[in-house]
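Colleague: I'm new to this one, so could you walk me through it?

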Amino acid sequence: MATDKWAQWLLTRRDGDSEDLRARYALDLAAFRDGVLDGAGLAADDVLLDVGCGTGLIGFGALERLGPDGRVIFSDVSRDVLDECRRTAGGDGRCSFVVASADDLAGIADASVDVVTTRSVLIYSDRKAAAFAEFIRVLRPGGRISLFEPINRFAEQLRPDDLFGIGDSPVDDLIAKVREAYRGATEQAMRPMMDFDERDLVGWAVTAGFEAVELDYRAQVDVPADPVGDWETLKRVAPNPLVPTYGEAIAAALTDEESKRLDTYMTALAATGTPTRRTMASAFLRARRPHRNR
């Protein structure tokens, strides 16, 4: 049974344990997976280290592209999610599992892998530069990194108060209170998610010694997105593993009367099918360890 916060979020709290919401998210997750793997330039016999593997989105996607001599090392800070990956692997001999953080891959030998991948991992690290140093250490000469990271600072600067992507509304006062509850309770936990942008990713890669550094950046402001959907389901969702669900934040921030007013408005809005508005930015980064030291 999964008990730690990372596994709980990945398995239930990310999507409110809703099959419908899980299916909606799957399209975005598949695009992130394919972007990372396309950038990795896999060869059939590569050894790929998936750092912060979660439930194995990137790693199992890589197995489908690798040949019988290729291998995937699933690495994560959470033993629970690694156990989930083991169950999914079902004894596939091409898979191995290592408990490690992105900035301390001590369980991985120097120059032992061909590719390092991450998806939304560095945003949780206080030592991002150290993570890049670890990536280049474990890569063989000529090895590659292929990373995806959201740039959360972008939305925080442009739309800091638009919690649900609904724009101006009669419940702005209530949403502001919920937003403040998140800020007050989670400011320290959220700091690593906000303390960098795409230029920092490039800088850390270059400083670590990578070459052929390329970054693809995408930004969206007020782009039409999926409607709110079922409001009771959304309240069971936590936006990331380190913070309360929306429902928990609402309970902490609002009175019973205020909660009822928010429920009434959001339920009615969901019934209309009105699109939300997405403001976000993300980056795919690719780079190579030089074949020889400079």
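What follows is a short chat about helices, cores and one residue pair.

Modeller: This is a predicted model, where local features need pLDDT of at least 70, side-chain atom pairs count only at pLDDT 80 or more, and totals for chains, interfaces and linings use all residues. Residues are numbered from 1 along each chain as its sequence is written, and side-chain values use heavy atoms, with hydrogens and water left out.

Colleague: At what angle do helix H1 and helix H4 pack?

Modeller: H1 covers residues 5-13 and H4 residues 79-89; helices here are DSSP runs (H or I, at least four residues), strands are too (E, at least two), and both are numbered from the N terminus. Axes are lines fitted to C-alpha atoms, for helices over the stretch in contact, with angles from 0 to 180 degrees between N-to-C directions. The two axes lie 7 Å apart, and the packing angle is about 50°.

Colleague: Which residues of H4 make that contact?

Modeller: Contact means heavy atoms within 4.5 Å. On the H1 side, Trp-6, Ala-7, Leu-10 and Leu-11 take part. Their partners on H4 are Asp-80, Val-81 and Glu-84.

Colleague: Over what arc do the buried residues of H8 spread?

Modeller: In H8 (residues 198-208), Glu-198, Leu-201 and Ala-205 are buried, and on the other side Arg-199 and Thr-207 are exposed. Buried means under 20% relative accessible area, exposed over 50% and partly exposed in between (1.4 Å probe, protein chains only). The arc is that of the directions from the helix axis to the C-beta atoms. The buried three sit on the same side of H8 because they cover an arc of only 55°.

Colleague: Which helix gives the most to the largest nonpolar core?

Modeller: A nonpolar core is a set of buried Ala, Val, Leu, Ile, Met, Phe, Trp, Tyr and Cys residues joined through side-chain atoms within 4.5 Å. The largest has 55 residues, and Phe-132, Phe-135 and Ile-145 touch the most other members. With six residues, the top contributor is helix H7 (residues 172-194).

Colleague: What does Phe-135 touch, leaving aside neighbours within four places in sequence?

Modeller: Its contacts include Val-51, Ala-102 and Leu-105. Further along, the list also has Ile-145, Leu-147 and Phe-210.

Colleague: Is Thr-264 buried or exposed?

Modeller: Thr-264 lies in helix H11 (residues 256-272). Trp-231 is 33 residues away from Thr-264 in sequence, and 9.7 Å away in space, C-alpha to C-alpha. Thr-264 has 56% relative accessibility, so it counts as exposed.
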